[in-house]
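Work through the exercises below with the model open beside you, trying each task before reading its solution.

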Amino acid sequence: MRRALLATLFFLVLVAAWHFIVKAGVWSSVLLPSPQSVGEYLLGAFRDGTLLQATSVTVRRLLVGYLIGIAIGLPLGLLTSASRFVEDTIGVMALGLQTLPSVCWIPLALLWFGQTESAMLFVVIMGTVWSVVIATDTGVRNIPPIFARAARTMGSRGLHKWTKVILPASLPFLVSGMKQGWAFAWRSLMAAEIYVTILTGFGLGHLLHYGRELHAMDQVIGVMLVIITIGLLTDKILFSPVERFLHNRWGTGLR
Amino acid sequence: MSLEEELEGLPPANLAVEDVSKWFRTSRQTVHALDHISLNISEGEFVCLVGPSGCGKSTLLDIIAGLATPDEGRVMADNAPVLNPGRHRLVMFQESALFPWLNVIGNIMFGLKLKPGLRNKERLEVAKFFLQLVGLEKFAAAHVHELSGGMKQRVALARALAPNPRVLLMDEPFAALDALTREQLYSDIQRIWEKRRKTIVFVTHNVREAVCLADRVILFSRNPGRIREQFDIPIPRPRDINSIELAQHAAQITRALKGHSEEEASHE
């Protein structure tokens with residue numbers, strides 16, 4: 001309770017500071033809108049449905065791309081950890097492509113797929129896959145060998161070894177890898193939405209982009225706040241419970 | 001197999017180490033870990049392998065377990081060559097090697113679940129039986145990290161006993177524990193071994209520990225790893241690690257151990 005109160009207070013102070021900076025009139029209100037006008041924009045966009053519409057379009061793209069990215073990345077990561085050949089080929093490729101900022105995929109995606117949903121999806125998947133591959137690979141390689149030895153003596157091999165020992169043993173790494181994959185997917189999608197104009201769905205990135213075109217700073221900041229909130233919520237709803245479970249089981253974490 | 005038979009246990013196996021040699025080669029050096037080791041261990045015998053670090057005693061245990069292969073020679077378990085790890089020869093390690101993603105009972109169930117011919121309900125009963133045998137029935141749902149070092153090794157013992165192996169291989173299982181906990185575990189092991197007779201090969205560098213537990217203590221020397229001497233321990237059980245008789249046996253073995261070390265040093 002006390003923690004929640006302190007946190008609320010912190011954010012209230014932040015908004016108040018913003019308010020007084022605007023009041024002081026240092027910057028033009030075109031460049032720095034007041035919290036009030038941002039709030040009004042958000043309320044209006046929420047009421048006329050643009051915000052919900054854009055959020056649902058963006059979140060759907062994100063989820064689909066992310067899940068495909070994991071579905072490809074996880075098995076690939078297991079393969080790179082298991083086979084030297086795959087490690088030297090796919091593994092090296094993953095390492096290289098992971099360093100490529102996902103915005104760099106956009107020109108290629110546009111030429112290959114045109115201004116379509118496929119282009120969006122492609123960019124998100126490319127942003128996700130490689131970091132998931134590398135995190136999975138790292139996870140498997142960091143399993144204490146004693147677990148594998150113990151499992152072997154008890155007769156665990158093949159599929160049983162992979163599903164009952166290697167996967168759960170590398171779970172802490174897999175989860176942080178998935179979290180990282182999520183962050184990359186989110187960034188890639190926003191970049192794609194800002195750069196790629198398509199007619200099939202108007203996402204948050206597009207709202208942000210048009211806010212800039214129209215010099216509607218209240219819209220720009222409002223949409224940014226929405227994007228931040230979605231990121232925060234996913235972390236709290238999707239990843240925090242899993243991480244708590246792992247800390248609880250493994251006895252890790254200081255608190 | 002019925003639950004009664006399952007709890008009754010299979011008869012222990014005999015082991016024959018036949019002329020086993022093993023080298024470890026790295027780019028910098030070659031270590032002759034085991035040099036023509038031959039050793040017979042009879043059904044239900046408790047044997048301790050003792051020696052300085054690097055004498056190859058743990059390597060031999062790995063070979064008996066099937067976790068490592070010898071460069072020469074072979075190991076026979078009940079007259080069949082050991083080629084792979086198998087659930088008839090389970091291993092207890094110095095670290096408990098319990099799986100943190102499973103709770104205590106889940107860990108004990110791990111090996112049992114890999115055993116065919118049992119229903120899950122029976123497996124759970126077997127697991128509970130062994131948890132009780134090591135005195136931790138209250139901790140079935142506990143997480144691994146909540147246990148003390150001694151409790152972890154007890155669970156590891158229950159996990160190794162539960163699938164009903166015919167041989168138990170123990171690689172310095174108590175080395176990381178404090179003296180009081182160790183003493184408690186010595187009496188536990190003796191009590192459990194009386195109830196479920198297994199062939200046990202126990203690796204340690206603690207001479208007293210070896211004398212307290214073993215029917216026979218086998219002394220190794222290193223560079224290359226060889227069997228130097230064997231000692232039968234005729235002290236009746238249950239044995240108390242602090243008894244004078246035990247101390248005398250231990251002193252005799254320690255002298256032999258030191259003698260070999262000095263001999264080794266003068267060779268170098």
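## Exercise 1: a helix and two strands

Task: in this predicted model, find which strands of chain B helix α5 lies across, and describe how those strands are paired and how the residues of β6(B) are placed.

Solution. Begin with helix α5 of chain B, residues 149–161, which lies across β6 and β7 of chain B and runs at about 175° to β6(B). Next, look at the two strands beneath this description: β6(B) is joined by four bridges to strand β7 of chain B, residues 167–171, and the two run parallel. Individual positions can then be matched, since Leu90(B) stands opposite Leu168(B) in β7(B), while Val91(B) stands opposite Leu169(B) in β7(B).

The last step concerns the side chains. In a regular strand the side chains alternate between the two faces of the sheet. In β6(B), Arg89(B) and Val91(B) point one way, whereas Leu90(B) and Met92(B) point the other way, and all are buried.

## Exercise 2: the open sheet

Task: give the order of the six strands in the open sheet of chain B, and state which of them are the edge strands.

Solution. Reading across the sheet, the order is β6-β7-β8-β3-β9-β10 (chain B), and the pairing is mixed. The edge strands are β6 and β10 (226–232) of chain B, each of which pairs on one side only. From one strand to the next, the twist averages 20°.

## Exercise 3: pairings of β1

Task: identify the strands of chain B with which β1(B) pairs, and the sense in which each pair runs.

Solution. Strands of a sheet pair through backbone hydrogen bonds, either parallel or antiparallel. Take β2 to begin with: strand β1 (residues 15–25) and strand β2 (residues 30–41) of chain B run antiparallel and are joined by eight bridges. A hairpin of four residues leads from β1(B) to β2(B), and Arg25(B) stands opposite Thr30(B) in β2(B). Then turn to strand β4 (residues 72–77) of chain B, which pairs with β1(B) in the antiparallel sense over five bridges; here the bridge partner of Leu15(B) is Ala77(B) in β4(B).

## Exercise 4: the two chains

Task: describe chain B and chain A by their secondary structure, their extent and their share of buried residues.

Solution. Chain B has eight helices and 10 strands. Its radius of gyration is 19 Å, close to the 18 Å that the globule rule gives for 268 residues, so chain B is as compact as a globular protein of that length. Along the principal axes, the C-alpha atoms of chain B fill a box of roughly 60 × 40 × 35 Å, and 44% of its 268 residues count as buried. Of the contacts in chain B with a separation of 6 or more, 72% are between residues 24 or more positions apart.

Chain A has 11 helices and zero strands. The C-alpha trace of chain A spans about 70 × 55 × 30 Å along its principal axes, and buried residues make up 34% of its 255 residues. Among contacts in chain A between residues at least 6 apart in sequence, 74% join residues at least 24 apart.

## Exercise 5: cores and the contact between chains

Task: state which residues touch the most other members of the largest nonpolar core, and describe the side of chain B that touches chain A.

Solution. The largest nonpolar core has 122 residues, of which Ile64(B) and Val217(B) touch the most other members. Helix α6 (residues 117–141) of chain A gives the largest share of this core, 14 residues. Another core, of 13 residues, lies apart from it and includes Tyr41(A), Val57(A), Ile221(A) and Val223(A).

For the contact between the chains, note that 19 residues of chain B are in contact with 15 residues of chain A. On the side of chain B that touches chain A, β6 (89–92) and α3 (104–113) of chain B each supply at least two residues. By class, this side of chain B has 13 nonpolar, four polar and two charged residues.

## Exercise 6: one loop residue

Task: decide whether Pro101(A) is buried or exposed.

Solution. Pro101(A) is placed in the loop between α4 (84–99) and α5 (105–113) of chain A. Because 11 other C-beta atoms lie within 10 Å, and a residue with 12 or fewer counts as exposed, Pro101(A) is exposed. Pro101(A) and Gly127(A), 26 residues apart in sequence, are 7.8 Å apart in space, C-alpha to C-alpha.

Key: Residues are numbered from 1 along each chain as its sequence is written. Chains are lettered from A and ligands numbered from 1 in the order in which they are written. This is a predicted model: local features need pLDDT of at least 70, side-chain atom pairs count only at pLDDT 80 or more; totals for chains, interfaces and linings use all residues. The radius of gyration is taken over C-alpha atoms; the globule rule is 2.2 Å times the number of residues to the power 0.38. A residue is buried if 20 or more other C-beta atoms lie within 10 Å of its own, exposed if 12 or fewer, and partly exposed in between; C-beta atoms are placed from the backbone. Two residues are in contact if their C-beta atoms, placed from the backbone, lie within 7 Å. A nonpolar core is a set of buried Ala, Val, Leu, Ile, Met, Phe, Trp, Tyr and Cys residues joined through C-beta atoms within 7 Å. Ala, Val, Leu, Ile, Met, Phe, Trp, Tyr, Cys and Pro count as nonpolar, Asp, Glu, Lys and Arg as charged, and the others, Gly among them, as polar. Two strands pair if DSSP finds at least two bridges between them. Axes are lines fitted to C-alpha atoms, for helices over the stretch in contact, and angles run from 0 to 180 degrees between N-to-C directions.
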